[in-house]
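Colleague: I'm new to reading protein models. Could you walk me through a few features, one at a time?

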Amino acid sequence: MAHRARWMMKYEKGLVDILHENNNSHYHTPNGWRTEGWRKIVKDFNMRYPEAKFSKMQIQEHETQLKRDYKLIKLILQRDGVSWDQGAFMIGATDEIWDEIIEDMPKARKFQTKSFPLLDSLELLFDGPIPEGGHISPQNIVGNVDEGVNNMSTTPDMSGRPSGTINANFDETWNNISLLQRTALGPQGIDDLDVLHNHPEEVLGRQQHGAEGRKRRADEQAQSSSCGEPQRDRCKKRKVSDIQQIMETYLNFRMKQARVKEQKAKEADQFTISSCIKAMNTMADVSDEVKVLASDVFKDTENREIFLSYEPRLRTSWLKREVGRLLP
């Protein structure tokens, strides 16, 4: 009989990181992970955490549980009077509202006092686009958005920079992106947005490939030729709407990526060597010899997180065990 999986936070975070690393069309489809994808995920996880000894079924079941928790939290956040505390990674609501939530969704009770720091990362994983081959780029995002949104058509006759009404509306959308948002995206994000801003016709053209793309272009050319003089304004407005929607979708995606990156940096700052030593100095039942050797234990990031995550009464036993492993 397989041992029961104990999913510590480092294992959960590690699994989500591995899912992101393999989140591309080769391993992942809108309907779920391919068999080859699961094989790669399980292999990567067991190489990174050999001590966990989780089976493929245990890893698959926990991915399913994370997806359930994510969807439940998103459902809760849609209710009136509910907010998300980004600092504490918790749902904010009054006791009265929580009573109503738990009455309607009993499984939501655990999130009344439990944090969920993986929300942004899971949102990118479960609701974000699936990149082609594993490289996230503007054309990947455009292509996946186009698959899910029927009214986002391409513009085959755009041979140069949009002009007239399209140009004016496109620039208006670009100007609505604040300097703060562009800075939060980082250099790569700004470069990608510049591609969308200065050469939108290139990005739109990249998603037209293969037989399906040729068929779509033919249909659109037929539609374009059928647009009489009274209908041309509507055709232009549709093109403007397509470009604006692509920019907004890509901006939101990159902002979520920036938040996840910021969250990981915050977690890294939380589990520092100095904070571990400070906590250890308050432990009267730890000898000076163990305290000195503990500095080697704290060089490992995961060890620092485990140590600080334990209750104070358990830290001594764990630390003595880890120091004992260093001794000959």
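Modeller: Sure, we'll go through a helix, some salt bridges and some aromatic pairs.
Modeller: First, this is a predicted model: local features need pLDDT of at least 70 and side-chain atom pairs count only at pLDDT 80 or more, while totals for chains, interfaces and linings use all residues. Residues are numbered from 1 along each chain as its sequence is written, and side-chain values use heavy atoms, with hydrogens and water left out.

Colleague: Let's start with H2. How far apart are its end C-alpha atoms?

Modeller: Helices are DSSP runs of H or I with at least four residues, strands are E runs of at least two, and both are numbered from the N terminus. The expected span of a helix is 1.5 Å times one less than its number of residues. Helix H2 has 14 residues (35-48) and should span 20 Å, and its end C-alpha atoms are indeed 20 Å apart, so the two values agree.

Colleague: Which residues of H2 are buried?

Modeller: Here's the general idea: an α-helix has 3.6 residues a turn, so residues three or four places apart point the same way. Buried means under 20% relative accessible area, exposed means over 50%, and partly exposed is in between (1.4 Å probe, protein chains only). In H2 the buried ones are Gly37, Trp38, Ile41, Val42, Asp44 and Phe45. They sit on the same side of H2, because they cover an arc of only 165° around the axis; that arc is taken from the directions from the helix axis to the C-beta atoms. On the face turned away from that buried side you'll find Thr35, Arg39, Lys43 and Met47, which are exposed.

Colleague: What covers the buried residues of H2?

Modeller: Contact means heavy atoms within 4.5 Å. The cover includes helix H1 (9-21), strand E2 (32-33) and helix H3 (56-77).

Colleague: Now charges. How many salt bridges does a search of the whole structure find?

Modeller: In general, side chains of opposite charge can pair when their charged atoms come close. The rule used is a side-chain nitrogen of Lys or Arg within 4 Å of a carboxyl oxygen of Asp or Glu. The search finds twelve. One of them joins Glu305 and Lys13, at 3.6 Å from N to O. That pair links distant parts of the chain, with Glu305 in helix H14 (residues 301-309) and Lys13 in helix H1, 292 residues apart. Both Glu305 and Lys13 are buried. There's also a network of salt bridges linking Lys10, Glu51 and Glu302.

Colleague: What about Glu63: which side chain of opposite charge is nearest?

Modeller: Lys67, at 4.1 Å, so Glu63 has no salt bridge although it is buried (Lys and Arg count as positive, Asp and Glu as negative; His and the chain ends are not counted). Glu63 lies in helix H3. Apart from neighbours within four places in sequence, it is in contact with Leu15, Leu19, Trp33, Trp38 and Phe126.

Colleague: Last one: how many aromatic pairs are there?

Modeller: A pair of aromatic rings is described by the distance of the centres and the angle of the planes. Rings of Phe, Tyr and Trp (its six-membered ring) pair if their centres lie within 6.5 Å; planes under 30 degrees apart are stacked, over 60 edge-to-face, and the rest tilted. The count comes to 13. Trp7 and Phe54 form a tilted one, 4.5 Å centre to centre with 40° between the planes. Both Trp7 and Phe54 are buried. Ring pairs also link Trp7, Tyr11, Phe45, Tyr49 and Phe54 into a cluster.
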